[in-house]
Amino acid sequence: MIDTALFYVFALMTLGGGILCITRRNAVHAAIWLIASLMGVAGLFLLQRAEFLFAVQIVLYIGGIMVLFLFVIMLINLDTAAAERQYSGQWKLALGAVVLAGGEIAWVMARGLPGLGAAAAVQDGGEGGSDGNVERLADLLFSEYLLPFEIVSILLLAAIVGSVFLARRRTS
Amino acid sequence: MPASFMPSAQEMMRFLPETLLTLAGVFLMVLEAIMAPENKGRLKAFALFALAAALAAAVIAYNDPGPAFNRLLIIDGFATFFRVLVIGVAILAVLGSSQYLAREGANPGEYWALVLFSVVGQSLMVTSNELIMIFIGLEISSIASYVLAGYLRDDARNSESALKYFLLGSFATGFLLYGVAWIYGLTGTTDLSQIRADLANRDISNSMMMIGAACALMFVGFAFKVSAAPFQVWAPDVYQGAPSPVAAFLSSGPKAAAFAMFLRVFVTAFEPVADRWEPIVWASALVTMIVGNFAALRQTNVKRLMAYSSIAHAGYVMVAVATHSKLGIEAAMFYLAAYALTNLGAFAVITCLVGKGERFVEIKDLAGLGARQPLSAAMLTIFLLSLIGVPLTGGFFGKFYIFKAALDARLIWLTVLGLLNSAVAAYYYLRILVVMYMEEPGDTVENTQEMGGALKFVLVGSAVATLVIGTFPSLLLDVASRYAVLGR
C-alpha cells in the first residue's frame, strides 16, 4: 500500500518535473525542475530495490551532471536567451503524439501481452541471491563483464580527446 | 567468488589487435605533446606502423579462433575478414590524408589518434558476439567519426557536418540501445547465441509484437549507421561537409563494420524470426537503391554525388542482407571489400583535385582532367567503371555475386529492380567521364596541385586491386567463402 502511494508520488515528481523543465522560460528554473524529475526517477529505482542505481542517479546525475548544467547556464547570457524565440510552437502536434503513444501503451497493457510475462520472469530470477544488489553488480562487472567495463574507458577517452580538440582556443 | 579476474593468454592473443591500436593511440597523443614540431611527420609513420602491426595481429589471431572474455567477443572467420578490411581501409585512409591535412595547415596528431580509436571501435563491432559490446564498439567508432568529420574547425562546412552527424547519430544510437534493452527484457540475455536459442525455443507467435518491436528498434539503429533508407538523410550533408579524406574513410571502413554487425546480429540472433524481418530489409534495400541512384542523378557537387552513390551501394549490400544465406554473406563481404577499395581510390582523386579550402568540388571543375592529369583521370575512370559495375572491375563481380545470391534466395523482383537501378546509376557516373574527357578545361586548371607520393600510392594501389579482383574474382571470393563462418 505504502509502496503504491510512494510510486505515485515519485511518478508525479518525474513527470511534473519533466513537463515544467521544458516549459519554463528561465533556464535556471528549467534546470532545477530537471533535478526534481531526476530525483523522482531515483525514487522509482529505490522502489524497485535497485539501490546501486539509486545512488548512482543521485551522485552522477544530480550531483555531477546537473551542477555542470547549472554552471554552463550561469556562464552564458541568460537575458538574451530568454528573449530568443522558443522552439515550442509545435506543442499541439506534440500533444497529439503524446496522447496517441499514451493511448497505445494503455491499450497494450489493458489487453495484456504474453511477452510481458517473460520480462517479469527475468526480474524474479534476478532477485534470488542473498547478496545485496551492489555486491552482485560488482561481481558481474569485474568477472563476466570485465571487458566492457574496461573498454568504456576508451570510449570516454575518444570523447574527451574529441571535445577538447573541437573546443580549444584557436591558435592562429 | 571467482578466484582470478585475469584473462588467459589465449584470450589476450585473440584481443591483440585492439590492444595494440589502443596503446598506439594513447602513445600517439603523448608523442604529439612532447615532440618538436618539425618531427611531427614521424607521427604518421608511427600510426601506419601500429596499423600494420594490428593487421598482422588480426591475421595471427585467426590461427587460434574462438571466443574470448566470457564469449563477449568471438574471433571467427567473419570477424577476421572484417578486422583485416577495416584496418586495411584505415591504412589507406591515413596514407590518403596527410597531403590534405598539410595543405589545409591542420595539426595531424589528434587526427591519427582518432583514426586509431575509430578502428578500435570498428574492430570491436565486427568481433562482438554480444549486444553490449556491439554498442560500445559502435559508440567508440562513431564518436571518433563525429570529431573527424569536423576536424577543420575553422571551416563552417566541417562544423555543420560534424554537428549534424553527431545529433542524428546519437539519436539513432538511442534507438539501437532501446532495442537492446527490449531484447534483454524479452530473453534475459544479451549474448547473440543465447538470444537465438531463446527465440528458436519459444512460441514466437505469442510475443511476436514485442520481438518485432525490439528488432525494429535495432534495425533503425543499424540502418542509420549503414545509411540505408529511410534513415539515409544524414549521409549527403555529412560527406559533403567533411574533409574529403574523412568522407573517404567514413564511407568505407565504418560502413563495412556497421554492415558486419548488422549481418551478425540479424543472421545469428534474429535468424529464428528471419521470415518476419526479411520483407522489411527487402523494402529498405529497394528504397535505398532508388533514393541513392535517383538523387545522385541531379547532383552537381562531386562529394555529394559520391555520398548518394554510397547510399545506393548500401542498398545493394542490403539486398545481400535480405537473402540471409551463406552465399549472401559471402557476396556482402566481397562487395564491401571491393567497394571500399574503389571508393578510397575515387576519393583520393577528389582529395587532390578539390584544392586548398575545397574550392573545386563541382563536377564541372573536372573538365579537361583527361588532358591535364592523365594518370588521375585514367584511375578515376577505372573507379567509376567499377562503381557502375562494368566487367573486369571489382564492382562487376560484387554486383554479380549479390544478385546471384538474391536469385538463389528467390528474391526475383528485388534482383530485377536492383539491376534496373544499376543501369540508372551508369548515367551519373558516365556523366563525370564525359566531363573529364570531352569538355574543355575551365579556369580552374592551374589551381590543382601535384599529387603527393602517398596519395599516388593509394590511387594506383586501389586501382590495381580493383582490376585484379575484377579479373580474378576467385582470389577474393575464395577468401570470402572460406571466412564466411559465423561462430555461434
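Which side chain meets B:Lys303 in a salt bridge, and at what N to O distance? The views below start with that pair. This is a predicted model, in which local features need pLDDT of at least 70 and side-chain atom pairs count only at pLDDT 80 or more, while totals for chains, interfaces and linings use all residues. Residues are numbered from 1 along each chain as its sequence is written, chains are lettered from A and ligands numbered from 1 in the order in which they are written, and side-chain values use heavy atoms, with hydrogens and water left out.

**View 1. A buried salt bridge in chain B pairs B:Lys303 with B:Glu358.** The partner is B:Glu358, at 2.6 Å from N to O; a salt bridge here is a side-chain nitrogen of Lys or Arg within 4 Å of a carboxyl oxygen of Asp or Glu. B:Lys303 sits in helix H14 (residues 302-323) of chain B and B:Glu358 in the loop between helix H15 (326-353) and helix H16 (369-372), so the pair ties together parts that are 55 residues apart in sequence. Helices are DSSP runs of H or I with at least four residues, strands are E runs of at least two, and both are numbered from the N terminus. Both B:Lys303 and B:Glu358 are buried, where buried means under 20% relative accessible area, exposed means over 50%, and partly exposed is in between (1.4 Å probe, protein chains only).

**View 2. B:Lys164 has two acidic partners, B:Glu160 and B:Asp237.** With B:Glu160 the N to O distance is 2.7 Å, and both residues lie in helix H7 (residues 156-187) of chain B, 4 residues apart, or about one turn of the helix. With B:Asp237 the closest N and O atoms are 2.9 Å apart. That second pair bridges helix H10 (B:Asp237) and helix H7 (B:Lys164), so it ties together parts that are 73 residues apart in sequence. In relative accessible area, B:Lys164 comes out at 30%, B:Glu160 at 41% and B:Asp237 at 24%. B:Lys164 is therefore partly exposed, and the label is partly exposed for B:Glu160 and for B:Asp237 too. Shared partners join B:Glu160, B:Lys164, B:Asp237 and B:Arg304 into one salt-bridge network. Over all chains, the search finds 10 salt bridges.

**View 3. A cis peptide bond sits in the H9-H10 loop of chain B.** The bond joins B:Ala229 and B:Pro230, with omega about 0°. Most peptide bonds are trans. B:Pro230 is in the loop between H9 and H10, and that loop, between helix H9 (208-225) and helix H10 (234-241), also holds B:Gln232. B:Gln232 has 11% relative accessibility, so it counts as buried. Leaving out residues up to four places away in sequence, B:Gln232 touches B:Ser227, B:Val291 and B:Ile311 (contact means heavy atoms within 4.5 Å).

**View 4. Two arginines have positive phi, A:Arg49 and B:Arg410.** Most residues other than glycine have a negative phi. A:Arg49 has a phi of about 60° and lies in the loop between helix H2 (27-47) and helix H3 (51-75) of chain A. For B:Arg410, phi is near 60°, and the residue lies in the loop between helix H18 (394-408) and helix H19 (412-438) of chain B. A:Arg49 is exposed at 53% relative accessibility, and B:Arg410 is exposed at 70%.

**View 5. A nonpolar patch lies on the surface of chain B.** B:Leu375, B:Val460, B:Val464, B:Val468, B:Phe472 and B:Leu475 form the patch, with about 490 Å² of accessible area together. Patch members have over 30% relative accessible area and no salt bridge, with like charges joined within 9 Å and nonpolar side chains (Val, Leu, Ile, Met, Phe, Trp, Tyr) within 5 Å. Areas come from Shrake-Rupley with a 1.4 Å probe, and for residues only the protein chains shown count as cover. Helix H20 (residues 453-471) supplies the largest share, 3 residues. B:Leu475 belongs to helix H21 (residues 473-483) and is exposed at 52%.

**View 6. Chain B and chain A meet with 0 salt bridges across the interface.** The contact takes 38 residues from chain B and 31 residues from chain A. Together they bury about 3,100 Å², 77% of it on carbon and sulfur atoms; buried area is the accessible area (1.4 Å probe) that two parts lose on being put together, summed over both.
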